[in-house]
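Me: I am new to this structure and would like a close look at a single part of it, the metal site. Please take me through that site and then through the parts of the chain around it.

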Amino acid sequence: MRETWHERFAETPDVLKRGQRQRTIVPVLDMAIGGGEFIVMAGPCAVETEAQLMATANHVRRNGARVLRGGAFKPRSSPYAFQGLGLEGLKLLARAREETGLAIVTEVMSENDVPMVAEYADILQIGSRNMENYSLLETAARAGRPLLLKRGMMATVADMLRSAQMVLDNGNPNVILCERGIRTFETATRNTFDVAAIALLKQISHLPVIADPSHASGHRDLVPALARIGVAAGADGLIVEVHPDPDKAWSDGEQSLNFDGFDEMIASLAPYVALRRQEIAVSERVLEAVG
Ligand code: PEP
Ligand code: MN
């Protein structure tokens, strides 16, 4: 890593690569996120019903996902929109883990909810709207679960690294960074997918980076292409919204893949994931040679 990047991000030294510290591997159940395996996290935007969640969990597990996503507490643009099932949603997620073996990632929105969400989730998601909520970050960091830190929609890479540093400072080394698109003047897509941020984060930080092509695009037709681009940019995994019947979804249906769409996306990713595996093998050999 270039010295100029160290100077540029000097405020957040612990999240930067240095010496032997080239990558953090986040352990989740039997997985190593940020290791060699490309991790697919998939599931509905929100947990709606038992049937919806179980069908989705079983489908995505059979077709390549290792982690089930699903919001029980939903940050919504409108105060009148569905806010999530809360504890009932968490219980359904736990049941899905029992049935499928998938790990669970779900958002925690308030400090008060941290103990409850941490009891059910394997990974705590910090949503975009809360990326800079330092009191939530502190409490979540101390809950003893890995954190999935989603980039704020108006946050720079430096802002995101500051939030990650905050988590590390609170004794939690297990942070997964997530690029989910940022707000720009472009309105054709829901957000603008900042692929350069993925490439940059992979160069400068030892933390795993995952891509969210669903929120980055806002349109299901674009999700497979953005997923491929995410892999090519160096992401360690994806988080993607999948629903049995996206047009009837209670939230984010427009950007959710149906089951066939998920399978097609996974199939189209295969050559990119294979290439990634080769690149990792080469860079590991280089690292070994350098000692
Ligand atoms: C989500 O993952 O459903 C979500 C609300 O994401 P974000 O915080 O990135 O908007
Ligand atoms: Mn969503």
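Reply: In this predicted model, the manganese ion (ligand 2) has four protein donors, namely Cys 45 through SG, His 215 through NE2, Glu 241 through OE and Asp 252 through OD, and they lie 2.0 to 2.4 Å from the ion. Read along the chain, the donors of the manganese ion (ligand 2) follow the spacing C-x169-H-x25-E-x10-D. His 215 belongs to helix H8 (residues 213–217) and Glu 241 to strand S10 (residues 237–241), so this pair ties together parts that are 26 residues apart in sequence. His 215 is buried, and Glu 241 is buried as well.

Beyond S10, the loop between S10 and H10 holds His 243, which has a relative accessibility of 5% and therefore counts as buried, the cut-off being under 20%. A polar atom of the His 243 side chain lies 2.9 Å from the backbone nitrogen of Asp 245. When neighbours within four places in sequence are left aside, the residues in contact with His 243 are Pro 44, Glu 48, Gln 52, Ala 249, Ser 256, Leu 257, Asn 258 and Phe 259. Helix H10 (259–290) itself lies across strand S3 (39–43) and S10, and runs at about 160° to S10.

Helix H9 (residues 223–233) has buried residues at Val 223, Pro 224, Leu 226, Ala 227, Gly 230, Val 231 and Ala 233. These buried residues of H9 pack against helix H7 (195–204), strand S9 (209–211), H8, S10 and H10, and two of these elements, H8 and S10, are the ones that hold His 215 and Glu 241. After H9 comes Gly 234, which has a positive phi, near 110°.

The wider setting is a barrel, into which eight strands close in the order S3-S4-S5-S6-S7-S8-S9-S10, with parallel pairing. On average, and with direction ignored, neighbouring strands of this sheet are turned by 25° against each other.

One strand of that barrel, S5 (residues 103–107), has five of its five residues buried, so S5 is largely enclosed by the rest of the structure. In a regular strand the side chains alternate between the two faces of the sheet. In S5, Ala 103, Val 105 and Glu 107 point one way while Ile 104 and Thr 106 point the other way, and all of them are buried. Strand S4 (residues 67–69) runs parallel to S5 and is joined to it by three bridges, with Arg 69 standing opposite Val 105 in S5. Between these two strands the chain passes from S4 through helix H3 (residues 87–100) to S5, in a β-α-β crossover that is right-handed. S5 also pairs with strand S6 (residues 123–126) in the parallel sense, over three bridges, and here Thr 106 stands opposite Leu 124 in S6. To get from S5 to S6 the chain crosses through helix H4 (residues 114–120), and this β-α-β crossover is right-handed.

Further along the barrel, S6 is joined by three bridges to S7, and these strands run parallel; the bridge partner of Gln 125 in S7 is Leu 148. S6, H5 and S7 make up a right-handed β-α-β unit. Both faces of S7 are covered, with Leu 147 and Leu 149 on one side and Leu 148 and Lys 150 on the other, all of them buried. Strand S7 (residues 147–150) is in turn joined by four bridges to strand S8 (residues 175–179), which runs parallel to it. Within this pairing, Leu 148 stands opposite Ile 176 in S8, and Lys 150 stands opposite Cys 178 in S8. Helix H5 (residues 134–141) packs on the sheet, where it touches S6 and S7, and its direction makes about 175° with that of S6. The link from S7 to S8 is built in the right-handed sense too, as S7, helix H6 (residues 157–169) and S8 make a right-handed β-α-β unit.

Key:
Residues numbered from 1 in each chain as written. Chains lettered and ligands numbered in written order. Predicted model: local features only at pLDDT ≥ 70, side-chain atom pairs only at ≥ 80, totals over all residues. Heavy atoms only, no water. Buried < 20%, exposed > 50% of the residue type's maximum accessible area, 1.4 Å probe, protein only. Pairing = 2+ DSSP bridges. Right-handed = clockwise from strand over helix to strand, strands pointing away. Donors = N, O, S within 2.8 Å, 3.2 Å for Na, K, Ca; no water. Contact = heavy atoms within 4.5 Å. Axes fitted to C-alpha atoms, helices over the stretch in contact; angles between N-to-C directions. Polar contact = N/O pair within 3.5 Å; in protein donor to acceptor, adjacent residues only side chain to side chain.
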